[in-house]
Amino acid sequence: MMKKLSDIGRIWLHIPVGLMAAMLFWLSPFAGASFTFIFWRYEKNEDRYLRDQAWKDYAGFLYGMALGGIIWAIVSKFG
């Protein structure tokens, strides 16, 4: 059971990173793309050497990006 809780914790830990990427895309598409590329490269490198199942980190990042996109759409429509 503890393994599952740590997996969920890793996902929650990376949601703000995805939100940051979404915010950067809103400010500058180049900055958002650069940040996303660097994050993906970092995680790929970390997984290569630590074999820590980086897909959990990617999942949290993508949840954060999706949440950021939803917030962006709401603000664009009503703001």
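**Note on a predicted three-helix chain**

1. Gln53 counts as partly exposed, at 37% relative accessibility, and it is found in the loop between H2 and H3. In this predicted model, Gln53 has a positive phi of about 55° although it is not a glycine. As background, most residues other than glycine have a negative phi.

2. The loop between helix H2 (29–50) and helix H3 (55–78) also holds Arg51, whose phi is likewise positive, at about 50°, although Arg51 is not a glycine. Arg51 is exposed, since its relative accessible area of 67% lies over the 50% cut-off.

3. As to the overall fold, the chain has three helices and zero strands, and its pattern along the sequence reads α-α-α. The C-alpha trace spans about 40 × 30 × 10 Å along its principal axes, and among contacts with a separation of 6 or more, 59% join residues 24 or more positions apart.

4. Turning to the interior, 30% of the 79 residues count as buried, and the largest nonpolar core is made up of five residues, namely Ala21, Phe39, Ala54, Tyr58 and Phe61. Within that list, Phe39 can be followed further: leaving aside its neighbours within four places in sequence, Phe39 is in contact with His14, Val17, Asp57, Tyr58 and Phe61.

5. As to the surface, the chain exposes about 5800 Å², of which carbon and sulfur atoms supply 74%. The chain carries 9 positive and 6 negative charges, and the mean positions of these two sets are 5 Å apart.

Definitions and conventions:
Residues are numbered from 1 along each chain as its sequence is written. This is a predicted model: local features need pLDDT of at least 70, side-chain atom pairs count only at pLDDT 80 or more; totals for chains, interfaces and linings use all residues. Side-chain values use heavy atoms; hydrogens and water are left out. Helices (H or I, at least four residues) and strands (E, at least two) are DSSP runs, numbered from the N terminus. Buried means under 20% relative accessible area, exposed over 50%, partly exposed in between (1.4 Å probe, protein chains only). Contact means heavy atoms within 4.5 Å. Accessible areas come from the Shrake-Rupley method with a 1.4 Å probe; for residues, only the protein chains shown count as cover. Lys and Arg count as positive and Asp and Glu as negative; His and the chain ends are not counted. The place of a charge is taken as NZ of Lys, CZ of Arg, CG of Asp or CD of Glu. A nonpolar core is a set of buried Ala, Val, Leu, Ile, Met, Phe, Trp, Tyr and Cys residues joined through side-chain atoms within 4.5 Å.
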